[in-house]
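Grab a pencil and work through these short exercises. Each one sets a task, then walks through a solution.

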Amino acid sequence: MTLATIVARREEALSQIARKIFKTREVKVKATMQLAPLIPLLYKILKPAFPNCLWAGDGSERSLALTFDDGPHPQYTPQLLEVLERYKIKASFFWLGICVERWPEVAKEVYRRGHWIGLHGWNHRSFPLLSDAELRQSLEKTQEAIAAACDLDLQQVRRTFRDVRPPNGLFVARTLKRLRQWNYRTVMWSVVPEDWVRPGVSVVVQRLRQQVQPGSLIVLHDGYCGGEDVAATAAEVIPWLLEQGDEFVSVDQFWQSFPADFSS
């Protein structure tokens, strides 16, 4: 068996795993093709309705939070890391526990480079569909995977890795109540260019240029859905944002503008 054959079979095996992980996400993609134009309106409605979530920075300075969901991925995340390193950008990653468990070396490299880490659940199941016990297990199991992958003390991870972004952006009042009760912080978004449906790098970049403003909390994806284009998108939009005078910060830095009882 040649090396090329081995590599090809490995890539196919990884693709099969990813398709299994994200099979519900692929159905969602078909149903949300026209969602992008509505997201700015949804943000304006939802932010004041759920003020205890982090939706954006305070906008007083030209700071942005660049965040990535659904990783780590063995191909797309390393490509993205190289772009972030080129421009000396620190980003925030919201991880799926099952992906951390499967590709711990990628997770460890993200952490080693100093990026902020949050939780996205174990396997991308929408939080309102989970019982309280299932939701808590999803988050704690993800923390355990992070501790193992990054060689960290589990109690340290429990204290530090507590920013949570609900998969698909879906939650109900009970979800937020439980997350706060369990000492997690809910992180949402203000700019979502819907890159997971792969409309093309130029379309995603155009949406970002139209929607980004001081304090924006941007969501892109480095996982199975959307990750194919994430490095190219970042390589195009980051230098443009830097030229506008924007500074990239972590979601933790955005939390600092919140009252202490929200962010602590």
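**Exercise 1.** How many bridges join S1 to strand S7, and which way do the two run, parallel or antiparallel?

*Solution.* Keep in mind that the model is predicted.
- Start with S7, residues 247–249: 3 bridges tie this strand to S1, and the two run parallel. One facing pair here is Ala65 and Val249.
- Now go to S6, residues 217–221, which runs parallel to S1 with 5 bridges between them. Leu66 has Ile218 as its bridge partner there.
- Finish with S2, residues 92–95, again parallel to S1, this time through 4 bridges. Asp69 is partnered with Phe94 in S2.
- Trace the link: from S1 the chain passes through helix H4 (residues 76–86) into S2, a right-handed β-α-β crossover.

**Exercise 2.** Work out why S1 counts as largely enclosed.

*Solution.* Check burial along residues 63–71: 9 of the 9 are buried, so the rest of the structure largely encloses strand S1.

**Exercise 3.** Classify the ring pair formed by Trp55 and Trp189.

*Solution.*
- The structure has 5 aromatic pairs.
- For Trp55 and Trp189, the centres are 5.5 Å apart and the planes sit at 90°; edge-to-face needs over 60 degrees, so this pair is edge-to-face.
- Place them in the chain: Trp55 is in the loop between H3 and S1, Trp189 in the loop between S5 and H10, 134 residues apart.
- Both Trp55 and Trp189 are buried.
- Add Tyr43, and ring pairs link the three into a cluster.

**Exercise 4.** Which ring does Arg165 lie over?

*Solution.* Arg165 lies over the face of Phe94, 4.4 Å from the ring centre. Phe94 is also the S2 bridge partner of Asp69.

Conventions
Residues are numbered from 1 along each chain as its sequence is written. This is a predicted model: local features need pLDDT of at least 70, side-chain atom pairs count only at pLDDT 80 or more; totals for chains, interfaces and linings use all residues. Side-chain values use heavy atoms; hydrogens and water are left out. Buried means under 20% relative accessible area, exposed over 50%, partly exposed in between (1.4 Å probe, protein chains only). Two strands pair if DSSP finds at least two bridges between them. A crossover is right-handed if, with the strands pointing away from the viewer, the path from the first strand over the helix to the second runs clockwise. Rings of Phe, Tyr and Trp (its six-membered ring) pair if their centres lie within 6.5 Å; planes under 30 degrees apart count as stacked, over 60 as edge-to-face and the rest as tilted. A charge sits over a ring if NZ of Lys or CZ of Arg is within 6 Å of the ring centre and within 35 degrees of the ring normal.
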